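Student: I would like to take a close look at a single part of this model and then see how it connects with the rest. Could you take me through it carefully?

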Amino acid sequence: MYVDVQASELDWRGVYWLCIGFINPRPIALVATVASDGRHNLAPFSFYNMVSANPPVVMICPAPRRDGSPKDTLRNIRETGQFVVATVTEAIGEAMAACGADLPYGESEFEFSGLTPAPARQVRPPLVRESPVNIECNLRQTVSFGTQPGAGTAVFGDILAVHVADWLLDAQGLVDPHKLRTLGRLGENWYCRVVEPFELHVPKVDRQ
Ligand SMILES: Cc1cc2nc3c(=O)[nH]c(=O)nc-3n(C[C@H](O)[C@H](O)[C@H](O)COP(=O)(O)O)c2cc1C
């Protein structure tokens with residue numbers, strides 16, 4: 001199969017479904033935000049990654065709703081400038097999926113999913129107690145890819161603080177991938193587990 005995206009009969013949804021089937025596994029950010037009145041919101045985003053090391057910056061990418069309105073996560077981040085990303089592990093997979101439900105604005109996915117908010121140190125949005133890794137973030141910048149259906153908005157956030165459960169750490173103080181057991185997002189409703197991590201080493205090449 002060859003697809004010329006400009007010329008193809010696939011609409012943007014077809015291209016999206018095709019691409020998420022191979023741009024994977026994607027990490028899942030479970031993003032906690034607060035509305036300006038303080039109410040909690042929690043939603044999963046697999047368009048998520050760390051995009052700069054110095055400064056440390058993460059990105060999530062909320063698409064608009066079908067009616068064109070922004071998702072609650074984006075609305076809250078724009079209003080408050082803050083968010084928390086909880087890492088999605090196998091143990092909280094079902095609860096994470098529950099947080100993908102489109103609840104009315106202001107209704108908390110914490111209650112709906114059974115996850116527990118815990119106070120953060122530097123921002124108002126809460127940590128997810130059941131996740132062993134949470135990061136506190138400050139909005140740096142948003143980049144919108146348009147106003148048409150499916151147009152994402154990339155939200156870049158500076159990492160202010162990282163909370164890691166001690167039981168995850170190896171002798172060097174780094175996260176042991178065997179213990180973390182993140183979930184990855186594949187295409188459609190498929191996910192994967194990290195069950196057999198292994199190392200590869202890039203050869204050193206002398207460049208004179
Ligand atoms: C695993 C998973 C990953 C998702 N990733 C995204 C994403 O990257 N961007 C997006 O706009 N929606 C994504 N969604 C859908 C949102 O989570 C869903 O629209 C949610 O209701 C948004 O909540 P909010 O309005 O409270 O922000 C994902 C859903 C799931 C279950």
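Which residue in strand 11 does Pro27 stand opposite?

Tutor: In this predicted model, Pro27 stands opposite Gly184 in strand 11. That pair belongs to the contact between strand 1 and strand 11, residues 183-185, where two bridges join the strands and the direction is antiparallel. In general, the strands of a sheet pair through backbone hydrogen bonds, and they do so either in parallel or in antiparallel fashion. Here three strands make up an open sheet, in the order 1-11-12, with antiparallel pairing. Strand 1 (26-27) and strand 12 (191-193) are at the edges, and because each has a single partner strand, one side of each is left without a neighbour in the sheet.

The loops that adjoin these strands contain several backbone features that merit attention. Pro25 is placed in the loop between helix 1 (12-20) and strand 1, and the peptide bond that leads from Asn24 to Pro25 is cis, its omega being near 0 degrees. Arg181, in the loop between helix 5 (177-180) and strand 11, has a positive phi of about 55 degrees although it is not a glycine. Arg181 counts as partly exposed, because it has 17 C-beta neighbours inside 10 Å. On the other side of strand 11, the loop between strand 11 and strand 12 holds Glu188, another residue other than glycine with a positive phi, in this case near 45 degrees. Glu188 has 8 C-beta neighbours inside 10 Å and therefore counts as exposed.

A cis peptide bond is also found from Asn54 to Pro55, with omega near 10 degrees, and Pro55 lies in the loop between strand 4 (48-52) and strand 5 (57-60).

For further strand pairing, one can turn to strand 9, residues 133-144, which pairs with strand 6, residues 82-87, in the antiparallel sense over five bridges. Within this pairing, Gln82 stands opposite Asn138 in strand 9. Strand 9 also pairs with strand 10, residues 153-164, again in the antiparallel sense, and here over eleven bridges. Glu136, which lies in strand 9, has Ala161 in strand 10 as its bridge partner. Since 23 other C-beta atoms lie within 10 Å, Glu136 is buried. When its neighbours within four places in sequence are left aside, Glu136 is in contact with Val84, Ala120, Arg121, Gln122, Val123, Leu160 and Ala161. Glu136 and Phe83 are 53 residues apart in sequence, yet their C-alpha atoms are 6.4 Å apart in space.

Finally, there is the ligand, which is surrounded by 17 residues, the closest being Ala43, Phe47, Lys71, Thr73 and Gly100. By residue class, the shell around the ligand divides into nine nonpolar, four polar and four charged residues. Strand 3 (40-45) and helix 2 (72-80) each supply at least two residues of this shell, and strand 3 gives the most, with four residues.

Note on methods:
Residues numbered from 1 in each chain as written. Predicted model: local features only at pLDDT ≥ 70, side-chain atom pairs only at ≥ 80, totals over all residues. Near = placed C-beta within 6 Å. Nonpolar A, V, L, I, M, F, W, Y, C, P; charged D, E, K, R; others polar. Pairing = 2+ DSSP bridges. Buried ≥ 20, exposed ≤ 12 C-beta atoms within 10 Å, placed from the backbone. Contact = placed C-beta atoms within 7 Å.
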